[in-house]
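Subject: Handing over the structure, with notes

Dear colleague,

I am passing this structure on to you, together with some notes on what turned up in it. Please have a look at it first and then read on.

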Amino acid sequence: METQHSLSELRVRVSSLQVQPSCDREAESESAARTPDHGQTSTVPDIEDVAKLLDARPRQIIVNGDSHRSLDERAFNEIINLSDTSLRPPRSLETVKSSECLDKLTAGQGNGRTVLNGTPNQPRRPAVNEDDEPISPTSMVEGAWIALKKAQVLFRGKPVGTIAASDPTEDSLNYNQVFVRDFVSSGLAFLMIGEHEIVKNFLLKALRLQAWEKHIDCFTLGEGVMPASFKVLHDPTRRTDTMVADFGESAIGRVAPVDSGFWWIILLRAYVRATGDHSLAEEPDCQRGMMLILTLCLSDGFDTFPTLLCADGCCMIDRRMGIYGYPIEIQSLFFMALKCARSLLKPDSRTKDFLERIEKRLHALRYHIRTYYWLDHQQLNNIYRYKTEEYSQTAVNKFNVIPDSIPDWLFDWLPMKGGYFIGNVSPARMDFRWFTIGNCVAILSSLATPEQSMAIMDLIEERWEDIVGYMPVKVCYPALEGREWQITTGCDPKNTRWSYHNGGSWPVLLWMLTAASVKIGRPQLARKAIDLVETRLMKDGWPEYYDGKLGRYIGKQARTFQTWSIAGYLVSKMMLEDPSLLGMISLEEDRKQKPSLTRSSSF
Ligand code: GLC
């Protein structure tokens with residue numbers, strides 16, 4: 001019960017934190033006066049197995065005597081494997097519980113400048129501040145919450161999102177906007193501490209924007225398209241707020257935000273899981289919004305594959321990077337959004353056919369990705385020995401991939417133990433690059449079989465230096481260089497090798513790595529990654545990304561105070577401390593569905 005109090009207090013403290021949100025600081029802040037949600041009851045779930053753990057009601061912070069501790073790895077695995085609800089961790093994995101760090105928030109402490117030390121291969125030493133005082137994880141969590149609160153954007157006095165970055169030294173371009181994909185990290189952090197209002201407002205606001213008529217030049221965009229970002233314009237004289245949205249018509253390169261709609265559905269489900277409140281998702285507007293998003297993807301066309309055909313740069317990687325066609329980054333999100341929508345759409349006469357289409361597509365997509373995108377040592381050997389020009393239904397090399405197109409780096413890089421979903425599959429083309437979001441979301445959505453999920457984590461562990469290095473996590477691996485970079489990116493100077501989207505390291509991806517590793521019972525990997533982040537991220541000013549083969553340099557054009565770097569850290573900390581929070585962002589394998597492909601013998 002003691003913890004129940006401290007959690008309530010926590011919500012009160014965070015809610016009443018008097019931080020003036022960014023963007024329209026002149027606007028009256030209602031958030032400061034907002035009362036916390038006291039309607040929640042927190043109970044200890046009966047943890048019988050992983051599925052049950054993840055199925056536990058969402059806003060469940062463990063609240064008995066153990067709530068002060070995180071699960072240590074051994075105990076965590078025991079809980080999962082032995083189904084023994086009486087098992088409790090003998091010692092803390094975390095030295096400090098991030099929610100407890102919030103105790104000092106109202107005092108406004110702990111945002112000091114720090115100096116780096118520590119490398120991935122050395123025992124972790126904490127970052128230090130100007131006076132050479134170590135920066136504790138407590139101060140870092142405090143600093144993160146302060147920054148996240150400050151990043152809130154108000155519309156007519158209500159929080160509706162968070163600004164992408166608040167870097168005072170750089171031209172803001174569109175970083176002063178609320179990006180739909182960026183807000184997911186913030187939204188999860190807020191949901192995890194019981195601050196639901198901002199997430200609800202965001203979801204409704206994005207829905208309103210979806211209903212706008214959208215044009216690029218003379219062309220009208222599909223009804224279901226969600227914005228990439230929106231901006232609140234505050235007129236201090238007239239004391240009015242207006243909103244502008246970008247559906248790709250202003251974005252650099254005019255890229256389509258295909259992932260926005262998927263993230264919106266995924267966040268809507270997280271909201272339902274966190275609040276236990278189905279009424280928002282059941283509102284006709286929300287039901288319609290989901291159907292409009294998915295209608296864009298489920299309509300009949302010339303497709304021969306169940307994967308979604310996309311233009312380059314249509315996701316987090318929003319510049320030309322050779323991820324056109326059928327990128328895993330989008331396919332995993334598509335799969336997850338389909339599964340979320342299936343659970344959120346109310347079955348009735350209007351949704352019946354639609355739900356059937358979702359079911360069929362899920363089935364086909366699952367088979368296609370598990371079969372054709374999967375790569376491990378044995379599968380690489382198969383491709384290496386492929387015959388080409390096979391005609392007919394019996395073809396083994398269905399996409400006519402020419403073995404000579406396998407890049408040299410892959411032969412040594414692919415470990416004997418482990419595997420992953422490759423970046424793209426289409427006729428005569430396999431993009432063998434590793435992509436973090438695609439693979440982590442495949443684990444979270446159960447697009448990957450349990451064996452494949454395990455193998456993906458094996459690969460991350462085996463290739464830790466390449467995928468995590470000094471700063472978690474590389475957006476993709478390896479970087480494109482030389483002529484390949486010229487041709488694929490169009491000589492993009494922001495995407496030079498090992499920078500930005502071209503093999504850069506993005507702290508926001510920490511939460512996906514954490515969630516994936518917690519889901520498959522290997523939280524020690526997340527712990528290791530968080531340790532790395534804690535040596536640098538705050539002292540570096542929460543950069544957007546890092547450069548270099550090992551992620552050792554702050555990105556050359558990286559913004560500081562990048563909100564999703566901040567929120568991603570908080571989400572990771574909270575999820576590692578309380579694995580039941582994973583249920584917000586994780587979906588189990590369909591019970592009736594049998595895994596169609598298991599790992600090959602490299603396992
Ligand atoms: C960059 C990223 C994009 C992100 C945006 C705002 O353009 O590539 O994914 O949404 O910044 O942070």
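The notes below begin with the chain as a whole, then turn to the ligand, a small sheet, one serine and some backbone features.

Please keep in mind throughout that this is a predicted model. The protein chain holds 21 helices and 17 strands, and of its 603 residues, 62% count as buried. Its accessible surface comes to about 23,900 Å², and carbon and sulfur atoms account for 51% of that area. If one takes the contacts between residues at least 6 apart in sequence, 72% of them join residues at least 24 apart.

The ligand

Which residues are found around the ligand? They are Ala164, Tyr175, Phe179, Arg181, Asp182, Met316, Asp318, Tyr500, His501, Glu544, Gln562 and Trp564. By class, this shell divides into six nonpolar, two polar and four charged residues. Three side chains can be described in more detail, each through the distance from one of its N or O atoms to an oxygen atom of the ligand: for aspartate 182 this distance is 2.5 Å, for aspartate 318 it is 2.9 Å, and for tyrosine 500 it is 3.2 Å. On its own the ligand has 310 Å² of accessible area, and the protein covers 95% of it.

The sheet of β5, β8 and β9

One of the residues around the ligand, Phe179, also leads into a sheet, as strand β5 consists of residues 178-179 and is joined to β8 by two bridges, the two strands running antiparallel. Within this pair, phenylalanine 179 stands opposite serine 229 of β8. On going further, one finds that β8 and β9 are also antiparallel and are joined by seven bridges, and that aspartate 235 has threonine 240 in β9 as its bridge partner. Taken together, these strands form an open sheet of three in the order β5-β8-β9, with antiparallel pairing. Strands β5 and β9 are at the edges, since each of them pairs on one side only.

The connection between β8 (229-235) and β9 (240-246) is a loop that includes arginine 239. In this hairpin, which has four residues between the strands, arginine 239 takes a positive phi near 55 degrees, although this residue is not a glycine. Is arginine 239 buried or exposed? Its relative accessibility is 55%, so arginine 239 counts as exposed, the cut-off for that class being over 50%.

Serine 260

Another residue that deserves a moment is serine 260, which is found in helix α8, residues 258-275. With a relative accessibility of 0%, serine 260 counts as buried, because that class takes in values under 20%. When its neighbours within four places in sequence are left aside, serine 260 is in contact with Val180, Met226, Pro227 and Ala228. Methionine 226 is 34 residues away from serine 260 along the chain, yet the C-alpha atoms of the two are separated by 5.8 Å. As for proline 227, its backbone oxygen is reached by the side chain of serine 260 at 2.9 Å.

Further backbone features

As background to what follows, most residues other than glycine have a negative phi, and most peptide bonds are trans. Besides arginine 239, a positive phi of about 55 degrees is found at asparagine 400, which is not a glycine either. Asparagine 400 has its place in the loop between α13 (377-384) and α14 (408-413). At 25% relative accessibility, asparagine 400 counts as partly exposed, because this value falls between the limits of 20% and 50%.

Where are cis peptide bonds to be found? One of them joins proline 472 and valine 473, with omega at about -10 degrees, and valine 473 lies in the loop between α17 (464-467) and β15 (476-477). Another runs from tyrosine 477 to proline 478, with omega near -5 degrees, and here proline 478 belongs to the loop between β15 and α18 (482-489).

If you wish to follow these notes in the structure itself, phenylalanine 179 may serve as a starting point, as this residue is listed around the ligand and also stands opposite serine 229 in the sheet.

With kind regards

Technical notes. Residues are numbered from 1 along each chain as its sequence is written. This is a predicted model: local features need pLDDT of at least 70, side-chain atom pairs count only at pLDDT 80 or more; totals for chains, interfaces and linings use all residues. Side-chain values use heavy atoms; hydrogens and water are left out. A residue is near a molecule or strand if one of its heavy atoms lies within 4 Å of it. A polar contact is a pair of N or O atoms within 3.5 Å; within protein, one must be able to donate a hydrogen and the other to accept it, and residues adjacent in sequence count only if both atoms are side-chain atoms. Accessible areas come from the Shrake-Rupley method with a 1.4 Å probe; for residues, only the protein chains shown count as cover. Ala, Val, Leu, Ile, Met, Phe, Trp, Tyr, Cys and Pro count as nonpolar, Asp, Glu, Lys and Arg as charged, and the others, Gly among them, as polar. Buried means under 20% relative accessible area, exposed over 50%, partly exposed in between (1.4 Å probe, protein chains only). Two strands pair if DSSP finds at least two bridges between them. Contact means heavy atoms within 4.5 Å.
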